[in-house]
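Let's take a slow walk through a protein together, starting with a pair of side chains and working outwards. Keep the 3D view open while you read.

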Amino acid sequence: MDDLLALVTPYVTRLCRPIAPLDWADAVQESLLAVFRGLRGLRDPQAFYGWVRTVTVREAVRQARRTAVEEAADPDDVTRLAGLLSDDGGELPAQVRDVLARLPVQHRAVLVLRELEDLDERSAAELLQIAPGTVKSRLHRARSSFRKAWSR
């Protein structure tokens, strides 16, 4: 079990950091606990990573909602963003994480699922337990807020 959890920890971390930027470590821990507890209920081993993604996104969104105050992106706070500098380890650049951290959690979750995980709207809607139309509208608002914050 240790080996399995060690194998999925980088993937879980990659999902949690942009969704729950203030408490990503707690979100990772809660996600790994949920994976550990629910593993016996997994019937199809082929669906393991999809199941881990579902568990992780739900836990990250829960953690972000518990601890973060929802604030829209403030373009004045991100004027220092001039270009992309990538971090080591294949993670999102710090500037991208800064902009994502200023978005509401529901916008971050939709952006991560669509842009980083390449899920379609229907799959993202199922994962977040919302209507596909809601995913489309949140994605539109999230992209717009991200662009405004990034361009300043």
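Which side chain meets that of Arg 114 in a salt bridge? Look for Glu 121: the side chains of Arg 114 and Glu 121 meet with N and O 3.5 Å apart. Glu 121 itself is partly exposed, as its relative accessible area is 24%. Keep in mind that you're looking at a predicted model.

Now zoom out for a moment. The protein has seven helices and zero strands, so if you follow the chain along its sequence, you read off the pattern α-α-α-α-α-α-α. Of its 152 residues, 41% are buried. The accessible surface adds up to about 8,800 Å², and carbon and sulfur atoms account for 48% of that. Here's another way to get a feel for the fold: take the contacts between residues at least 6 apart in sequence, and 68% of them turn out to join residues at least 24 apart.

Back to the salt bridges. Searching the whole structure turns up five of them. A good one to find next is the pair Glu 117 and Arg 14, whose closest N and O atoms are 3.0 Å apart. Glu 117 sits in the loop between α5 (105–116) and α6, while Arg 14 belongs to helix α1 (residues 2–19), so this pair ties together parts that are 103 residues apart in sequence. Are these two buried or exposed? Glu 117 is buried, at a relative accessible area of 11%. Arg 14, on the other hand, counts as partly exposed, with 38% relative accessibility.

Glu 117 has another partner too. Its side chain meets that of Arg 53 in a salt bridge, at 3.3 Å from N to O. Arg 53 is in helix α3 (residues 48–67) and Glu 117 in the loop between α5 and α6, so here the parts tied together are 64 residues apart in sequence. This time both residues, Glu 117 and Arg 53, are buried. Put the pieces together and you get one network: salt bridges that share partners join Arg 14, Arg 53 and Glu 117.

Stay in that loop for one more stop. Asp 118 is also found between α5 and α6, and its backbone has a positive phi of about 55°, although Asp 118 is not a glycine. At 64% relative accessibility, Asp 118 counts as exposed. You can spot a similar case in the loop between α6 and α7, where Gln 129 is placed. Gln 129 isn't a glycine either, and it has a positive phi of about 60°. Gln 129 is exposed as well, with a relative accessible area of 61%.

Last stop: the two helices on either side of Gln 129's loop. When two helices pack, we describe them by the angle between their axes and the distance between those axes. Helix α6 (residues 121–128) and helix α7 (residues 132–151) pack at about 105°, and their axes are 8 Å apart. Angles from 65 to 115 degrees count as roughly perpendicular, which is why α6 is roughly perpendicular to α7. On the α6 side, the contact is made by Glu 121, Ala 124 and Ala 125. The α7 side brings Pro 132, Val 135, Lys 136 and Leu 139. Sorted by class, that contact has five nonpolar residues, two charged ones and no polar ones. And notice a familiar name in there: Glu 121 of α6, which you met at the start as the partner of Arg 114.

Conventions
Residues numbered from 1 in each chain as written. Predicted model: local features only at pLDDT ≥ 70, side-chain atom pairs only at ≥ 80, totals over all residues. Heavy atoms only, no water. Axes fitted to C-alpha atoms, helices over the stretch in contact; angles between N-to-C directions. Helix = DSSP H or I, 4+ residues; strand = E, 2+ residues; numbered from the N terminus. Parallel < 35°, antiparallel > 145°, perpendicular 65-115°, else oblique. Contact = heavy atoms within 4.5 Å. Nonpolar A, V, L, I, M, F, W, Y, C, P; charged D, E, K, R; others polar. Buried < 20%, exposed > 50% of the residue type's maximum accessible area, 1.4 Å probe, protein only. Areas by Shrake-Rupley, 256 points an atom, 1.4 Å probe, with all protein chains shown as cover. Salt bridge = Lys/Arg side-chain N within 4 Å of Asp/Glu carboxyl O.
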